[in-house]
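Student: I would like a close look at one part of this protein, the cysteines. Please walk me through them, then show me how the rest is laid out.

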Amino acid sequence: MQQDIEGSWTLLSWLASCVMVFGGALPYVPQYQEIQRSSNSDGFSTRVCLVLLIANILRIFFWIGKQFELTLLLQSVVMIITMFAMLHLCCMVQNTNRVSTKQHRLSDLDLRYFWKWSAFEDYLLFCFGFTVLCAVITLLLLDSVVFVETLGSLAVMFEAMLGLPQLLQNFHNRSTKGMSVKMVLLWTAGDVFKTTYFVMNESPTQFWICGSVQILIDVAILLQVLLYNFRSKHVIQYTV
């Protein structure tokens with residue numbers, strides 16, 4: 001009986017770890033499909049990718065300084081690959097729809113077009129440069145407990161802001177058109193799950209605080225969906 005209980009608990013732990021590794025990428029599947037279907041990426045904020053890339057690169061270096069669960073390290077690798085896939089699709093769609101022949105490149109050093117570059121290679125180059133910079137600083141300060149903890153705090157702070165670019169873009173557009181609601185619902189479900197996972201596995205405090213902030217932002221975006229849809233219906237009724 002005891003062996004059966006232990007075996008079931010081991011299986012549940014393994015399944016939970018798999019969900020943690022791949023679950024973070026799942027919300028982007030419906031958004032990816034929505035962009036492919038509509039051939040329009042305007043509803044999705046690519047700055048979500050920026051936030052997650054920075055957060056997960058920092059988390060990898062945090063792991064080097066403070067070895068927490070391997071599951072969370074693997075999750076970061078999967079998330080980085082997912083964000084590059086989203087950026088690649090957005091670049092292809094935007095280049096296809098672009099009327100002007102003028103392109104914006106990283107080499108232009110124009111802050112007005114930061115993270116609005118025309119070529120996918122520029123996003124790769126930026127992330128490579130950021131990774132090298134983090135590697136050099138981490139190598140120099142790896143023995144500093146303060147630095148390592150600060151690195152972890154920065155990683156989770158960026159991750160906690162995951163939904164903020166989408167929230168701001170929806171507010172700017174006064175619409176959630178083009179944004180996959182399924183993505184946000186999966187964000188919410190995933191954030192609730194992983195926050196619970198962090199608490200149960202006694203992960204570093206930074207992680208569950210991050211999860212709690214993410215849940216609040218997810219709820220705010222879902223409220224935007226309700227608000228803007230409600231306004232849209234009333235405008236249509238008023239026009240008719």
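Tutor: Cys 134 is buried, because its relative accessibility is 9% and the cut-off for buried is under 20%. Keep in mind that this is a predicted model. Does Cys 134 have a partner, and what is the distance to the closest cysteine sulfur? That sulfur belongs to Cys 127, and it is 10 Å from the sulfur of Cys 134, too far for a bond. A disulfide needs two cysteine sulfur atoms within 2.5 Å.

Now take Cys 210. It is buried too, at 3% relative accessibility. The closest cysteine sulfur to the one in Cys 210 is in Cys 49. The gap is 17 Å, again too far for a bond. The count for the structure is 0 disulfides.

Next, the frame around these cysteines. The protein has 9 helices and 0 strands. Read from the N terminus, the elements run α-α-α-α-α-α-α-α-α. The C-alpha trace spans about 65 × 45 × 25 Å along its principal axes. Of the 240 residues, 41% are buried. Now look at contacts with a separation of 6 or more. Residues 24 or more positions apart account for 77% of them.

The UniProt record adds an annotation. Its unreviewed entry marks "transmembrane region" over several stretches, including residues 123-142, 148-168 and 206-228. How much helix does the model place in residues 148-168? The chain there is 86% helix and 0% strand. The end C-alpha atoms of that stretch are 31 Å apart. Residues 206-228 are 100% helix and 0% strand, with end C-alpha atoms 33 Å apart.

Thr 205 is in helix H9, which covers residues 205-239. Thr 205 is partly exposed, because its relative accessibility is 43%. Leu 168 is 37 residues from Thr 205 in sequence, and their C-alpha atoms are 27 Å apart in space.

Asp 143 gives another pair to examine. It sits in the loop between helix H5 (120-141) and helix H6 (145-160). Is Asp 143 buried or exposed? It is exposed, because its relative accessibility is 79% and the cut-off for exposed is over 50%. In sequence, Asp 143 and Gly 65 are 78 residues apart. In space, their C-alpha atoms are 8.0 Å apart.

Now helix H8, residues 181-200. Why does its length make sense? It has 20 residues, and at 1.5 Å a residue they should span 28 Å. Its end C-alpha atoms are 29 Å apart, so the two values agree. Which residues of H8 are buried? Among them are Met 183, Val 184, Trp 187, Thr 188 and Asp 191. Lys 194, Thr 195, Tyr 197 and Phe 198 are buried as well. An α-helix has 3.6 residues a turn, so residues three or four places apart point the same way. After H8 comes Glu 202, whose phi is positive, near 50°.

Tyr 197 leads us to Thr 71, because the two are in contact. Thr 71 also touches Ser 17, Met 20 and Val 21, leaving aside neighbours within four places in sequence. It belongs to helix H4, residues 70-97. Thr 71 is buried, because its relative accessible area is 12%.

Last, the aromatic rings. The structure holds 10 aromatic pairs. One of them joins Phe 114 and Trp 117, edge-to-face. Their centres are 5.5 Å apart, with 85° between the planes. Phe 114 is partly exposed at 24% relative accessibility, whereas Trp 117 is buried at 3%. Trp 115 and Tyr 123 form another edge-to-face pair. Here the centres are 4.8 Å apart, and the planes again meet at 85°. Trp 115 is buried, at 1% relative accessibility. Tyr 123 is buried as well, with a relative accessible area of 2%. Ring pairs link these four residues and Phe 126 into a cluster.

A charge meets a ring elsewhere in the chain. Arg 174 lies over the face of Phe 171, at 4.4 Å from the ring centre.

Methods:
Residues numbered from 1 in each chain as written. Predicted model: local features only at pLDDT ≥ 70, side-chain atom pairs only at ≥ 80, totals over all residues. Heavy atoms only, no water. Helix = DSSP H or I, 4+ residues; strand = E, 2+ residues; numbered from the N terminus. Buried < 20%, exposed > 50% of the residue type's maximum accessible area, 1.4 Å probe, protein only. Contact = heavy atoms within 4.5 Å. UniProt positions renumbered as here; feature names shortened; annotations may be inferred. Phe/Tyr/Trp six-rings, centres within 6.5 Å; stacked < 30°, edge-to-face > 60°. Lys NZ or Arg CZ within 6 Å of the ring centre and 35° of its normal. Expected span 1.5 Å × (residues − 1).
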